[in-house]
Amino acid sequence: MSGFTGFTGFALRRAVSAALTLLALSVIIYVVFYATPGNVAQITCGPRCSPEQVHQVAQQLRLDDPLYLRYWHFLQGIVAGHDYSTGTSVGHCPAPCLGLSYQSDQQVTRIILDKLPVSLSLVLGGMVLWLLLGVGTGVLSAWRRGRFSERALTGVTLAGVATPTFVIGLVLMIVVCGQWELLPFPEYVPFSDDPEQWMWGLLLPWVTLALGEAAYFARLTRASMLETLAEDHIRTFRAYGVGERSIVGRHALRGALAPIIALNANDFGSAVGGAVLVESLFGLPGIGQELVHAVTVVDLPVVVGMVLVIGFFVVLANAVADVLYAVADRRVVLA
């Protein structure tokens with residue numbers, strides 16, 4: 001019972017820490033984008049805006065208010081929503097409200113929710129593949145240490161680390177879709193419309209995203225496995241006649257999980273926003289591609305909202321990783 005209480009306390013402390021981190025992140029993001037030198041209203045509205053339009057944008061952004069007060073209104077919108085003027089009437093932006101796009105007049109939250117399923121589909125599918133390929137290759141490489149298969153796997157891993165993601169994607173698209181015609185050119189179809197077409201449309205982007213990441217996981221898994229296999233308790237298992245497959249699969253791999261969990265948490269969080277190359281290469285309408293467009297047209301509310309959402313996934317992924325640490329090793333709870 002005390003162990004359960006200790007774990008619950010650890011999880012609550014980690015949740016509070018994640019919430020405070022997100023609050024600090026929102027302050028930094030808001031200040032960076034809205035306290036920059038220059039006329040923020042003119043930059044947001046665009047070079048072709050009339051003085052009246054620039055003035056309207058300045059009023060909607062509350063640029064006459066102190067920066068801390070503007071941030072407070074921004075935070076209120078996230079927590080409770082806020083009203084906004086459409087010129088002839090007053091509309092309501094429900095929580096979590098991240099503002100309005102000045103290019104499309106759409107709510108930023110709605111834009112993100114429209115794009116988020118694409119990015120999450122890409123990253124989640126890629127994560128499954130990079131874990132299977134990376135951890136499997138790393139375990140096999142450590143198990144076959146000193147043999148030809150281990151050297152071959154190490155060479156493939158180094159090639160994967162050195163090859164840029166867009167090169168992998170281009171080669172796969174040219175060969176698999178063009179020359180061999182094994183798959184149609186990727187096209188995103190919502191899972192709710194057709195699960196089978198959703199899978200086939202994302203298969204090549206999944207492989208492209210996973211190959212580069214799998215190389216890092218393979219190297220990390222191999223190094224962790226070799227370190228664990230050299231420990232005293234592993235030698236004890238061997239002395240008692242425990243089979244090598246059981247040692248590698250049940251004992252050594254479990255001891256090597258901690259750095260794998262940490263790397264996967266970091267990669268998942270960053271991949272939500274960092275998959276822009278894959279999304280752009282295959283024409284997937286996700287967050288990464290939308291963020292590039294928002295930066296190009298200087299749509300600050302969309303940029304701020306999307307950067308904040310990407311930061312949320314990074315913080316959330318690391319918080320989940322810490323909880324998984326505690327599940328795998330209760331010494332983390334007592335630390």
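**Exercise 1. Decide whether Cys93 is buried or exposed, then describe its bond partner.**

Step 1. Cys93 has a relative accessibility of 1%. Buried means under 20% relative accessible area, exposed over 50%, and partly exposed in between, with a 1.4 Å probe and protein chains only. Cys93 therefore counts as buried.

A note on the model: it is predicted, so local features need pLDDT of at least 70 and side-chain atom pairs count only at pLDDT 80 or more, while totals for chains, interfaces and linings use all residues. Residues are numbered from 1 along each chain as its sequence is written, and side-chain values use heavy atoms, with hydrogens and water left out.

Step 2. Look for the partner. The sulfur atoms of Cys93 and Cys97 are 2.1 Å apart. A disulfide is a pair of cysteine sulfur atoms within 2.5 Å. Cys93 and Cys97 form one. The structure holds one disulfide.

Step 3. Check the partner's cover. Cys97 has a relative accessible area of 1%, so Cys97 is buried.

Step 4. Read the geometry. The angle about the S-S bond is 110°. The link is right-handed.

**Exercise 2. Find the cis peptide bond and place its proline.**

Step 1. The cis bond joins Ala95 and Pro96. Its omega is about -5°.

Step 2. Pro96 lies in the loop between strand E2 (90–93) and H5. Helices (H or I, at least four residues) and strands (E, at least two) are DSSP runs, numbered from the N terminus.

**Exercise 3. Work out how H5 and H13 pack, and which residues make the contact.**

Step 1. Helix H5 covers residues 108–143, and helix H13 covers residues 287–296. Their axes are 8 Å apart, at an angle of about 135°. Axes are lines fitted to C-alpha atoms, for helices over the stretch in contact, and angles run from 0 to 180 degrees between N-to-C directions.

Step 2. Classify the angle. Under 35 degrees is roughly parallel, over 145 roughly antiparallel, 65 to 115 roughly perpendicular, and the rest oblique. So H5 is oblique to H13.

Step 3. List the residues. H5 supplies Ile111, Ile112, Lys115, Leu116 and Ser119. H13 supplies Ile287, Gly288 and Glu290. Contact means heavy atoms within 4.5 Å.

Step 4. Sort them. The contact of H5 with H13 has four nonpolar, two polar and two charged residues. Ala, Val, Leu, Ile, Met, Phe, Trp, Tyr, Cys and Pro count as nonpolar, Asp, Glu, Lys and Arg as charged, and the others, Gly among them, as polar.

**Exercise 4. Trace the contacts of Thr221, Ala218 and Ser224 in H8.**

The contacts below leave out residues up to four places away in sequence.

Step 1. Thr221 sits in helix H8 (residues 195–229). Its relative accessible area is 0%, so Thr221 is buried. Thr221 touches Gly134, Val135, Gly138, Val139 and Ile260.

Step 2. Ala218 is also in helix H8. At 5% relative accessibility, Ala218 is buried. Ala218 touches Gly134, Thr137, Gly138 and Thr157. Ala218 and Leu131 are 87 residues apart along the chain, yet their C-alpha atoms are separated by 8.8 Å.

Step 3. Ser224 belongs to helix H8. At 9% relative accessibility, Ser224 is buried. Ser224 touches Ala256 and Pro259.

**Exercise 5. Compare the settings of Val176 and Glu181.**

Step 1. Val176 is in helix H7 (residues 165–179). Its relative accessible area is 12%, so Val176 is buried.

Step 2. Find its contacts, leaving aside neighbours within four places in sequence. Val176 contacts Val171, Glu181, Leu182, Leu183 and Leu204. Val176 and Leu204 are 28 residues apart in sequence. Their C-alpha atoms are 8.6 Å apart in space.

Step 3. Turn to Glu181, in the loop between H7 and H8. At 62% relative accessibility, Glu181 is exposed. Its phi is near 55°, a positive value in a residue other than glycine.

**Exercise 6. State the totals for the protein.**

Step 1. The protein has 15 helices and two strands.

Step 2. Of its 335 residues, 39% are buried.

Step 3. Take contacts between residues at least 6 apart in sequence. Of these, 64% join residues at least 24 apart.
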